[in-house]
Amino acid sequence: MGVNDTNKEELELKFKTDFFKKVRLEFVLLVIFAIILLKFISVFDGGLLAHPAPYNHLAGDMFNIGIYADFVKYENDLATLPFYLSQGVKNVVNIFSMTGPIITAQLSQFTGIESYDFTMHISLLFIILSTAILYIFLRKIDNKLALLSLPLSLLVFKWPFQYAITWGMHMSNVNMIFIVVSLFCLFYLDKKYIFIVLGIMNGAGFLSHARETLMFNTGVALYFLVRLIKEKILINLAKNPASIKNYLKENTTIISLKNYIYSVPVMLIFMYRYFPILGSFLYRKSTTLLYGTNQLFAYLPQTKTVSPNVFHHVFFPHFLFYQYLLVIGLIAAIYFLIFKNNRTADIILSFSIMILANGFFSIFGNKTAQIRHLWPVLLIPLVGLSLYMLNSYLKKATKEKSSNLLFAAMFLGIIIITAIYFTPESTSDYPFSDPYTWDAIKWIRLNVENDAKTLILFGDRHNQETMFYLTLKNQFRTNRDKYFEQISKNIISSKVITQGVIFGEFYVRVNNTIVEKDRSIFSNVKESLCDYNYIYSDKYSQIPQVQTYVIKSLEKLIKENNFVVVYQNDLVVILKNNDIGGICFEDEVLL
Amino acid sequence: MNHEIRKIILKELKIIGLMFVLFYLMFQIHYYKENLFIILKIAIAHFYLFIIPGYSLCLMFYDKIERLDRLVLGIGVGYGLQPFLLYAINDITRINVMRYNIYVSGALIMIGVLMLKYTILDKK
């Protein structure tokens with residue numbers, strides 16, 4: 001027992017005390033963050049999981065997940081669309097991303113709660129999990145950097161970013177978890193069999209929402225490129241190609257690259273169903289034009305001349321003070337990639353840089369720039385990096401006295417400022433669907449025959465037509481513009497212009513080959529009200545002219561034709577036609 | 001051998017249990033107006049259907065990857081692989097996925113434990 005041993009023990013004790021202090025501080029700051037987070041997400045579902053109707057569904061895409069989850073719950077063949085999503089056409093290939101709906105359907109079955117309630121649940125859960133996973137990854141670099149990254153993620157709950165939650169980016173939210181887990185696969189990619197996990201993540205990503213997975217892989221490409229250049233592997237291989245054998249045995253980058261290539265077949269197994277139709281996605285017209293005047297670039301600054309103000313689009317000014325931190329973080333990330341040699345940092349920074357870059361391009365097709373709504377989560381490393389640098393600078397300026405206190409004050413300050421500027425407001429509970437509408441939809445589900453056609457007449461909130469696909473029956477809707485034209489003429493007519501399901505892609509399997517068809521054949525068809533088995537209508541409208549017109553039409557159907565009321569509540573009425581294809585009432589001028 | 005597996009699994013169950021409590025608490029606070037039983041069911045559903053199967057499959061990395069990172073990988077594998085398997089089985093059998101989903105999750109947990117056993121054997 002010498003003096004040295006005693007010193008060592010004291011040192012260990014000191015280290016442990018310091019460690020526990022740090023852990024306790026980190027824990028306290030995490031709890032504060034969690035409280036703010038729970039406050040932020042409380043606006044989305046009113047403290048309830050189960051709601052009497054689709055809650056906070058602010059756009060048609062929100063309903064898609066519930067529809068496809070019900071399709072999973074009730075149908076036996078997931079590869080072929082059911083009649084209510086294909087307008088009765090047989091053998092229509094289902095190309096919808098099914099990972100989200102299959103997860104949703106199972107949770108719905110397990111709990112006995114309607115599928116639509118899990119759209120919000122899964123979006124929120126997966127956003128929080130993705131943030132937590134990124135946080136755990138950033139801890140590998142530095143605990144403080146990881147903590148300082150967190151506040152930015154709160155922005156995702158504030159408009160316009162919350163579009164990702166309330167407007168139906170559910171599939172992107174599901175996919176986000178696969179791309180952040182893939183970062184861990186990259187970290188361990190030199191280990192045996194990890195390529196299988198990476199293959200599963202990439203495959204599941206493609207099945208969830210392929211675009212984000214493609215974007216992630218551009219980050220992977222940048223990471224490998226940076227490593228190959230930094231380690232001078234390319235130069236060495238050019239000089240001595242035989243050295244590849246040594247690299248394959250000893251070099252982490254080359255072993256990782258080899259394993260990345262091994263992961264591709266695993267990913268392809270996941271995509272087997274999509275091979276016949278893959279090509280059609282590559283030449284799909286981009287909507288990024290809406291973001292700017294250039295076809296390839298979507299301009300970031302929002303100005304009147306360059307970027308038309310589409311209210312739900314994301315531009316840098318929406319980040320307020322964070323936009324400057326993002327720019328500083330981006331510059332620092334590029335500097336780190338070039339001049340520093342930290343493999344973990346290379347993985348996460350390559351990823352963030354490419355996710356940021358991809359928000360400007362439309363090369364991956366329709367709606368690529370929607371990734372911007374998820375920037376608050378996916379770009380947390382950049383903000384973390386700039387705040388970490390600021391913290392280090394302040395620490396030096398204060399000569400490293402009470403650095404933990406400084407760090408805690410900085411973290412809390414940013415959280416408070418974020419809470420002041422970015423606390424989300426409560427949105428409308430039932431903007432489209434409400435308990436009356438949902439009750440009527442359920443009645444149709446249970447009582448309408450599978451071969452019956454239901455016509456949904458124009459209603460004030462019927463512009464998100466996917467909501468009616470939840471009837472799980474064959475249904476058509478009146479074309480809003482044509483119907484308005486008809487109303488403005490003041491002539492009640494039994495002829496209406498109708499349209500069917502609006503999903504864009506339409507592939508039919510014919511004799512083992514797949515043929516693309518134009519779905520517009522179901523649109524703008526002029527038909528008689530008496531050709532339909534059921535007529536669904538709202539009783540009230542905020543536009544008096546519409547209400548009078550609709551009520552008069554329904555009265556005429558009951559009085560002059562063979563229609564009877566089979567269901568009604570305070571808002572909705574459903575008529576049944578007992579003489580399908582019969583002669584309908586004649587046009588009448590409305591006084 | 002079996003004793004070793006049991007020891008590893010018991011250790012792993014601790015982190016799963018901790019995660020479960022965290023999930024449950026988060027759901028309970030967020031859905032504060034909801035029935036307790038429903039909250040419990042939703043937490044069990046997430047864990048039994050996705051997280052435990054994924055985590056179980058990642059047990060094969062028990063000596064190569066630290067526990068928290070394995071949990072992260074397991075979450076990804078669970079939510080990614082289980083739905084794909086259901087889809088693929090449906091493609092072959094045309095049987096409604098709701099009729100066999102819980103068995104697939106159970107099978108994945110079993111496969112994970114078997115893979116752990118073979119990993120330990122391989123190591124020896």
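**A walk through the predicted model, starting from one leucine**

I would like to begin with a single residue, A:L152, which is buried, because 28 other C-beta atoms lie within 10 Å of its own, and 20 or more are enough for a residue to be called buried. Before going further, I should say that what we are looking at is a predicted model, and I will keep that in view throughout.

Where does A:L152 sit in chain A? Its place is in helix α5, which covers residues 143-153 of chain A. That helix is largely enclosed by the rest of the structure, because 10 of its 11 residues are buried. The buried residues of α5(A) are A:K144, A:L145, A:A146, A:L147, A:L148, A:S149, A:L150, A:P151, A:L152 and A:S153.

Which residues does A:L152 touch, once residues up to four places away in sequence are left out? They are A:Y322, A:P376, A:L379, A:I380 and A:V383. In addition, A:L152 and A:P381 are 229 residues apart in sequence, and yet their C-alpha atoms are 9.5 Å apart in space. For chain A as a whole, if we take the contacts with a separation of 6 or more, 71% of them are between residues 24 or more positions apart.

Two of the residues that A:L152 touches, A:L379 and A:V383, bring us to the largest nonpolar core, which has 188 residues. The members that touch the most other members of this core are A:I177, A:V181, A:C185, A:L379, A:V383 and A:I535. Helix α8 of chain A, residues 194-230, supplies the largest share of the core, with 15 residues. The core also draws at least three residues from each of two domains of chain A, namely domain 1 (11-57 + 121-422) and domain 2 (435-507 + 522-589). To look at one of those well-connected members more carefully, A:C185 is in contact with A:I194, A:V197, A:L198 and A:M201, leaving aside its neighbours within four places in sequence.

Let me step back to the chain as a whole. Chain A has 20 helices and 11 strands, and of its 591 residues, 44% are buried. It is divided into domain 1 (11-57 + 121-422) and domain 2 (435-507 + 522-589). Where these domains of chain A meet, the contact takes 4 residues from domain 1 and 4 residues from domain 2. On the domain 1 side of that contact, the residues divide into 4 nonpolar, no polar and no charged.

Now to the sheet, in which 7 strands of chain A are arranged in the order β7-β4-β2-β1-β8-β10-β9, as an open sheet with mixed pairing. The edge strands, each of which pairs on one side only, are β7 (525-528) and β9 (563-568) of chain A. From one strand to the next, the twist averages 35 degrees. Helix α18 of chain A, residues 435-447, packs on this sheet, where it touches β1 (454-456), β8, β9 and β10 of chain A, and its direction makes about 25 degrees with that of β10(A).

Within the sheet, I would like to dwell on strand β8(A), which is mostly covered, since 5 of its 5 residues are buried. From β8(A), A:Y534, A:Y536 and A:D538 point one way, whereas A:I535 and A:S537 point the other way. A:I535 has already appeared among the core residues that touch the most other members.

How do β8(A) and β10(A) run with respect to each other, parallel or antiparallel? Strand β8 (residues 534-538) and strand β10 (residues 572-577) of chain A run antiparallel, and 5 bridges join them. A:Y536 stands opposite A:I574 in β10(A), and the bridge partner of A:D538 in that strand is A:V572. With β1(A), by contrast, β8(A) runs parallel, and 3 bridges join the two; here A:T454 stands opposite A:Y534 in β8(A).

Finally, there is chain B. The contact between the chains takes 37 residues from chain B and 39 residues from chain A. On the chain B side, the elements that give two or more residues are α1 (2-30), α2 (36-57) and α3 (67-93) of chain B, and α3(B) gives the most, with 16 residues. By class, that side of chain B has 24 nonpolar, 6 polar and 7 charged residues.

How values were computed. Residues are numbered from 1 along each chain as its sequence is written. Chains are lettered from A and ligands numbered from 1 in the order in which they are written. This is a predicted model: local features need pLDDT of at least 70, side-chain atom pairs count only at pLDDT 80 or more; totals for chains, interfaces and linings use all residues. A nonpolar core is a set of buried Ala, Val, Leu, Ile, Met, Phe, Trp, Tyr and Cys residues joined through C-beta atoms within 7 Å. A residue is buried if 20 or more other C-beta atoms lie within 10 Å of its own, exposed if 12 or fewer, and partly exposed in between; C-beta atoms are placed from the backbone. Helices (H or I, at least four residues) and strands (E, at least two) are DSSP runs, numbered from the N terminus. Domain bounds come from an automatic or database domain assignment. Two residues are in contact if their C-beta atoms, placed from the backbone, lie within 7 Å. Ala, Val, Leu, Ile, Met, Phe, Trp, Tyr, Cys and Pro count as nonpolar, Asp, Glu, Lys and Arg as charged, and the others, Gly among them, as polar. Two strands pair if DSSP finds at least two bridges between them. Axes are lines fitted to C-alpha atoms, for helices over the stretch in contact, and angles run from 0 to 180 degrees between N-to-C directions.
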